[in-house]
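Thank you for making time this morning. I would like to walk you through a structure that is new to most of us, and I will go slowly, so please look at the display as I speak.

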Amino acid sequence: MTEIQTCGKPIDSLLEKVLCMNILSSDYFKELYRLKTYHEVVDEIYNQVDHVEPWMTGNCRGPSTAFCLLYKFFTMKLTVKQMHGLLKHPDSPYIRAVSTK
């Protein structure tokens with residue numbers, strides 16, 4: 001399997017700093033530690049994501065589920081095949097959208 005080459009930048013330099021801090025401190029992101037595989041994260045996107053804005057809507061301005069899951073993908077060593085699978089996923093536009101952020 002071929003891993004995707006990264007630009008060598010730390011994760012927190014790829015997203016807004018305040019957003020990163022909020023993601024890392026969110027209860028939802030901490031719950032994502034239980035997800036160990038690519039397929040588990042894809043299933044979580046399918047079941048939980050209903051928009052791809054960086055922040056939740058309404059009075060509670062925490063990080064969105066989509067961006068917590070995007071950050072989870074940043075922490076995983078995705079292969080080229082897995083990225084192609086995300087970009088071409090037929091089941092949900094949110095799976096494709098998370099992979100293009």
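Let me begin with two aromatic residues, F29 and Y71, both of which are buried in what I should say at once is a predicted model. By the ring-pair rule the count comes to four aromatic pairs. F29 and Y71 form one of them, an edge-to-face pair with 5.4 Å from centre to centre and 90 degrees between the planes. This pair links distant parts of the chain, since F29 sits in helix α2, residues 27-31, while Y71 sits in helix α4, 42 residues apart.

A further pair is formed by Y38 and F73, and here the arrangement is tilted, with 6.3 Å centre to centre and 40 degrees between the planes. Y38 belongs to helix α3 and F73 to helix α4, so this pair ties together parts that are 35 residues apart in sequence. Y38 is buried, and F73 is buried too. If you look again around F29 and Y71, you will find that ring pairs link F29, Y33, Y71 and F74 into a cluster.

Now let me step back to the chain as a whole. The protein chain has six helices and zero strands, and of its 101 residues, 39% count as buried. Among the contacts with a separation of 6 or more, 64% are between residues 24 or more positions apart. As for the surface, the protein chain exposes about 6,600 Å², and carbon and sulfur atoms supply 53% of that area.

Next, please turn to helix α6, which covers residues 93-100 and whose buried residues are I95, A97, V98 and S99. What do the buried residues of α6 pack against? They pack against three other helices, namely α3 at 38-48, α4 at 65-75 and α5 at 80-87. At the start of α6, S92 places a side-chain oxygen within 3.1 Å of the backbone nitrogen of Y94.

Finally, a word on the cysteines, where one might want to know how many disulfides the structure holds. The structure holds zero disulfides. C20 has a relative accessible area of 3%, and therefore falls among the buried residues, for which the cut-off is under 20%. C68, at 1% relative accessibility, counts as buried as well.

That is where I will stop, and I am happy to go back to any part of the display.

Key:
Residues numbered from 1 in each chain as written. Predicted model: local features only at pLDDT ≥ 70, side-chain atom pairs only at ≥ 80, totals over all residues. Heavy atoms only, no water. Buried < 20%, exposed > 50% of the residue type's maximum accessible area, 1.4 Å probe, protein only. Helix = DSSP H or I, 4+ residues; strand = E, 2+ residues; numbered from the N terminus. Contact = heavy atoms within 4.5 Å. Polar contact = N/O pair within 3.5 Å; in protein donor to acceptor, adjacent residues only side chain to side chain. Phe/Tyr/Trp six-rings, centres within 6.5 Å; stacked < 30°, edge-to-face > 60°. Disulfide = S-S within 2.5 Å. Areas by Shrake-Rupley, 256 points an atom, 1.4 Å probe, with all protein chains shown as cover.
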